[in-house]
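Colleague: Could you take me through one part of this model up close, as you would for someone in their first year? I would like to hear about the salt bridges and what surrounds them.

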Amino acid sequence: DDFCGTDKFPAAHFTLTEFRKDGDEAIAKGELTIRGVRKPISLKGEVNGSAKDPWGNQRMSAALETKISRKEWGLVWNSTLETGGLLVSDDVKLQIDVEAIADTD
């Protein structure tokens, strides 16, 4: 409970607000919610490819990543090691693999 508070906040949520691709590069922007704290983030990565699925939908996949400071989302628990360092780093690397279907409307 000190670290993630999973009893009260069992899941983190990401809501996509913008997605752009330029050749093989992809940029996704959205809002990440952890422990009830919502903040905008941007992820960058590469487009893995696109193809039509068996139902005729155009699909695309991408691998995206970013780094956040866990403290900005209220994840402040830590412990000091015998050597004087900290047990948990402030930086958290997020990696997301996503598949999307083109909007035909």
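Modeller: Let's start with Asp-53, which forms a salt bridge with Arg-59; their closest N and O atoms are 2.6 Å apart. Please keep in mind that this is a predicted model, so treat each distance as a property of the prediction. Asp-53 is buried, with a relative accessible area of 12%, because the limit for that word is under 20%. Arg-59, at 25% relative accessibility, counts as partly exposed.

Now look at what else Arg-59 does. Its side chain also meets that of Glu-99 in a salt bridge, at 2.7 Å from N to O. Glu-99 lies in strand β5 and Arg-59 in strand β4, so this pair ties together parts that are 40 residues apart in sequence. Put the two bridges together and you have a network of salt bridges linking Asp-53, Arg-59 and Glu-99. In general, side chains of opposite charge can pair when their charged atoms come close.

Stay with Glu-99 for a moment. Glu-99 is exposed, with a relative accessible area of 52%. Besides the salt bridge, the side chains of Glu-99 and Arg-59 also count as making a polar contact, at 2.7 Å. If we set aside neighbours within four places in sequence, Glu-99 is in contact with Arg-59, Met-60 and Ser-61. As a contrast, try finding Glu-18: this residue is 81 places from Glu-99 in sequence, and their C-alpha atoms are 15 Å apart in space.

To place the strands, step back to the sheet. Five strands form an open sheet in the order β1-β2-β3-β4-β5, and the pairing is antiparallel. The edges are taken by β1 (13–22) and β5 (91–101), each with a single partner strand, so one side of each has no neighbour in the sheet. From one strand to the next, the twist averages 25°. At the other edge from Glu-99's strand, β1 pairs with β2 in the antiparallel sense over nine bridges, and Phe-14 stands opposite Leu-32 in β2.

Leu-32 leads us to the nonpolar side of the story. The largest nonpolar core has 13 residues, and those with the most contacts inside it are Leu-32, Ile-34, Ile-41, Leu-64, Ile-68 and Trp-73. Two or more residues of this core come from each of β2 (25–34), β3 (37–52) and β4 (58–69). In soluble globular proteins, nonpolar side chains tend to be buried together. If you pick out Leu-64, you will find that it touches, among others, Phe-19, Ala-26, Leu-43, Leu-94 and Val-98, leaving out residues up to four places away in sequence.

Finally, let's visit another charged pair. By the cut-off used here, the count comes to five salt bridges, and one of them joins the side chains of Glu-31 and Arg-38, at 3.5 Å from N to O. Glu-31 is partly exposed, with a relative accessible area of 32%, whereas Arg-38 is exposed, at 58%. While you are there, look for Arg-35 in the loop between β2 and β3. Arg-35 has a positive phi of about 55° although it is not a glycine, and its relative accessible area of 25% makes it partly exposed.

Methods:
Residues numbered from 1 in each chain as written. Predicted model: local features only at pLDDT ≥ 70, side-chain atom pairs only at ≥ 80, totals over all residues. Heavy atoms only, no water. Core = buried A, V, L, I, M, F, W, Y, C linked by side-chain atoms within 4.5 Å. Buried < 20%, exposed > 50% of the residue type's maximum accessible area, 1.4 Å probe, protein only. Helix = DSSP H or I, 4+ residues; strand = E, 2+ residues; numbered from the N terminus. Contact = heavy atoms within 4.5 Å. Pairing = 2+ DSSP bridges. Axes fitted to C-alpha atoms, helices over the stretch in contact; angles between N-to-C directions. Salt bridge = Lys/Arg side-chain N within 4 Å of Asp/Glu carboxyl O. Polar contact = N/O pair within 3.5 Å; in protein donor to acceptor, adjacent residues only side chain to side chain.
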